[in-house]
Amino acid sequence: GVAIACCAAAGVPVYEYSPRRAKQNVTGWGAAPKEQVARMVKSVLGLAETPPPDATDALALALCHAHTHRGLRPGEPL
């Protein structure tokens, strides 16, 4: 919550995605188990090893955001 409040105070846009939406975006199935999400993150990013669970979650959200807002440039309205 503090991070979101700090971003809002600084005028930094904040985006939120549900776990189901991130899983759907990365694996094609919103109910995918964490292991499947981890394998897809590893594959999509061409990583040599599967990242730890917290890193996998963060990377899945980053991929979801990149796919959701593909083509946007900094400062371009949504």
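A nonpolar surface patch, as the term is used here, is a group of Val, Leu, Ile, Met, Phe, Trp or Tyr residues that each have over 30% relative accessible area and no salt bridge, with side chains joined within 5 Å. In this predicted model, Val44, Leu45 and Leu47 make such a patch, with an area of about 220 Å². Leu47 sits in the loop between α3 and α4. Its relative accessibility is 32%, so Leu47 counts as partly exposed.

**Overall build**

Let us step back to the whole chain. The protein chain has four helices and zero strands, and its pattern along the sequence reads α-α-α-α. It has 78 residues, of which 19% count as buried. About 5,500 Å² of the protein chain is exposed, and carbon and sulfur atoms supply 60% of that area. Taking contacts between residues at least 6 apart in sequence, 32% of them join residues at least 24 apart.

**The nonpolar core**

Which residues make up the largest nonpolar core? There are six: Val26, Ala32, Val37, Val41, Ala60 and Leu63. Helices α3 and α4 each supply at least two residues of this core. Val37 is a good place to start exploring by eye. Setting aside neighbours within four places in sequence, Val37 is in contact with Lys23, Val26, Thr27, Ala32, Thr56 and Ala60. Three of these partners, Val26, Ala32 and Ala60, are also members of the core.

**A salt bridge between helices**

The structure holds one salt bridge. Asp57 and Lys34 form it, and their closest N and O atoms are 3.0 Å apart. The two residues are 23 apart in sequence and link distant parts of the chain: Asp57 belongs to helix α4 (residues 53-68) and Lys34 to helix α3 (residues 34-45). Are the partners buried, exposed or partly exposed? Asp57 is partly exposed, at a relative accessible area of 31%, and Lys34 is partly exposed too, at 48%.

**A buried glycine in a loop**

Gly30 lies in the loop between α2 (19-27) and α3. Despite the loop setting, Gly30 is buried, because its relative accessible area is 7% and the cut-off for buried is under 20%. Beyond neighbours within four places in sequence, Gly30 is in contact with Arg20, Lys23 and Gln24. Lys23 is therefore a partner of both Gly30 and, as described above, Val37, going by heavy atoms within 4.5 Å. The C-alpha atoms of Gly30 and Ser18 are separated by 9.7 Å, with the two residues twelve apart along the chain.

**Cysteines**

How many disulfides does a search of the whole structure find? The search finds zero. Cys7 is in no disulfide, and the nearest cysteine sulfur, which belongs to Cys6, is 7.1 Å away. That distance is not within the 2.5 Å that a disulfide calls for. Cys7 is partly exposed, with a relative accessible area of 26%, whereas Cys64 is buried, at 0%.

**Accessibility side by side**

The table gathers the residues whose accessibility came up above.

| Residue | Relative accessible area | Class |
|---|---|---|
| Lys34 | 48% | partly exposed |
| Leu47 | 32% | partly exposed |
| Asp57 | 31% | partly exposed |
| Cys7 | 26% | partly exposed |
| Gly30 | 7% | buried |
| Cys64 | 0% | buried |

Definitions and conventions
Residues numbered from 1 in each chain as written. Predicted model: local features only at pLDDT ≥ 70, side-chain atom pairs only at ≥ 80, totals over all residues. Heavy atoms only, no water. Salt bridge = Lys/Arg side-chain N within 4 Å of Asp/Glu carboxyl O. Buried < 20%, exposed > 50% of the residue type's maximum accessible area, 1.4 Å probe, protein only. Core = buried A, V, L, I, M, F, W, Y, C linked by side-chain atoms within 4.5 Å. Patch = residues over 30% accessible without salt bridge, like charges linked within 9 Å, V, L, I, M, F, W, Y side chains within 5 Å. Areas by Shrake-Rupley, 256 points an atom, 1.4 Å probe, with all protein chains shown as cover.
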